[in-house]
Amino acid sequence: MLVRGLDWYFVAFKEQFRRGDQGAFELVMFLSLGHFFGIYNPKQLADFLGIAPQRLYSELKAWSLYRLKKVLFHFMVKQAAEALRPILAKSAATHSRAGITLAVDNSVIDRLGRLLRCTWRWYSGRAKKVVNGQELLGIVLTVQGWVFPLHLLFVSKQGRANTDKPSLLISMFKQLVEAFRQEGIDITLFPITLDSWYASQDLKHKLHSLGFHKIIVAGKSNYVLTIEGNKQDAASWKKTLKLRQNQWGIEVPACRKKALSPTFGKIVVFFYLKRTTKTYYLMDMSQIPLRGAEIRHIWKQHHLIEWFWKTLKSTFKIKEMRLQQEGLYTGLVIKILAYLLALRLKAQRAFSKASITQIMRKIQRNYDLQTLLKQHFHLPYLITPPQNGT
């Protein structure tokens, strides 16, 4: 089972590194595999092998930052395209049931070191306060409950180019549209979901100009909305609007209204009862207003990007990877490869009902890391470390 996954691993990824250093390529592969055996960074791998960690760090410096970002981007796109093609060949009803969306969100990785790139003061939604760390802006594809990262970018507060997140987001979507076009897929047909603080009327028009027609944004209580000639904030509308049962095939009480917002322009707002205790609302910024059931169905997939961030942090322990300078993206490549290998294994029948953590435990019970190193990798200085330990 694991061997089959490793075969795919090398065939799919080696093409991207065919002009690179073979040793550095295999080291990245092995570090990714090490996550399934409780090894989350080069220092832990060096301790496992009984060699000096400087040997591994020097190998990981073989690539340029540009090359790393390019390889990571193209590899993520190809894996997502591979998952999409079988579904897109079927009917529109199948597309809808698959829950295909492009979810946008950011996550803050707590950091203390001053030598790590892109470490600034950011607001953390988890901590509910400003913390020191790295902010990772991401776009993921959700399909049939699976999450495929498409574009991940560390955000900086300094630089020559635009550093505000809406501008970065438009640039990321431009790259994705072109990359998927080369794969024969038009991703502008898929809806976008994002939090309200990214959105604006300007962002809405720019996304429309790229060809995206369906945009669903989470609402905030302090936004002012004009509905049927009356103007008040969303918190007041939640109290005054009457939610109705059995609207458009929705299982919870809901209400859909056309509105005018000074921030977003003409929109459709969709109020519904969340978990029977709290009224929540979404803003439909699509070119053609969507039905309430469709708005609700699209937004149901958005929580998966939160699950993705939690998986990177808790299961793959991205915080433990502390590579300096260009190592910022080297570490990200390693973590994403480990995550995609886990998805590949989960697609197998033996692991289909297991979580990623359960897959890792099963692999640790059934395989030996040293044996896998000797059978599938060609790194002599790792397999047989020098006698003096240097």
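## Exercises on cavities, cores and loops

Sorted by class, the residues lining the second largest cavity are five nonpolar, one polar and one charged. The model behind these exercises is a predicted one.

**Exercise 1.** Determine which residues line the second largest cavity, and which helix gives the most to that lining.

*Solution.* Begin with the space itself, which amounts to about 40 Å³ in the second largest cavity. Next, list its lining, which is made up of Ser 107, Ile 109, Leu 136, Trp 309, Leu 312, Lys 313 and Ile 318. Then assign these residues to elements: strand S1 (101-110) and helix H11 (303-315) each supply at least two of them, and H11 gives the most, with three residues.

**Exercise 2.** Describe the largest cavity by its volume, its lining and the element that supplies the largest share of that lining.

*Solution.* A search of the whole structure first yields two cavities of 30 Å³ or more, and the largest has a volume of about 100 Å³. Of the 13 residues that line the largest cavity, Arg 111, Met 321, Leu 328, Gly 331 and Leu 332 are the closest to its centre. Sorting the lining by class gives eight nonpolar, three polar and two charged residues. Finally, H12 supplies the largest share of this lining, five residues.

**Exercise 3.** Characterise the largest nonpolar core, and trace the contacts of Phe 180.

*Solution.* The largest nonpolar core has 124 residues, and those with the most contacts inside it are Leu 33, Phe 36, Leu 141 and Phe 180. Helix H12 (residues 327-346) contributes the largest share of this core, 14 residues. Turning to Phe 180, and leaving aside residues up to four places away in sequence, one finds that Phe 180 touches Val 77, Ala 80, Ala 81, Leu 84, Leu 150, Ile 185 and Ile 187. Apart from the largest core lies another, of 13 residues, including Ile 216, Tyr 280, Leu 290 and Ile 298.

**Exercise 4.** Locate Gln 144 and Glu 228 between their flanking strands, and decide whether Glu 228 is buried or exposed.

*Solution.* Gln 144 lies in the loop between strand S3 (129-143) and strand S4 (146-155), and its phi is near 55 degrees, a positive value in a residue other than glycine. Glu 228 is placed in the loop between strand S7 (224-227) and strand S8 (230-233), and the phi of Glu 228 is likewise positive, near 55 degrees. For the last step, the relative accessible area of Glu 228 is 64%; because exposed means over 50%, Glu 228 counts as exposed.

Key: Residues are numbered from 1 along each chain as its sequence is written. This is a predicted model: local features need pLDDT of at least 70, side-chain atom pairs count only at pLDDT 80 or more; totals for chains, interfaces and linings use all residues. Side-chain values use heavy atoms; hydrogens and water are left out. A nonpolar core is a set of buried Ala, Val, Leu, Ile, Met, Phe, Trp, Tyr and Cys residues joined through side-chain atoms within 4.5 Å. Buried means under 20% relative accessible area, exposed over 50%, partly exposed in between (1.4 Å probe, protein chains only). Helices (H or I, at least four residues) and strands (E, at least two) are DSSP runs, numbered from the N terminus. Contact means heavy atoms within 4.5 Å. On a 1 Å grid over the protein atoms alone, a cavity is a set of points where a 1.4 Å probe fits but cannot get out, and a pocket is an open set with protein on both sides within 12 Å along at least five of seven lines; lining residues have an atom within 4 Å of a point. Grid points are joined across faces, edges and corners, and a volume is the space filled by probe spheres set on the points. Ala, Val, Leu, Ile, Met, Phe, Trp, Tyr, Cys and Pro count as nonpolar, Asp, Glu, Lys and Arg as charged, and the others, Gly among them, as polar.
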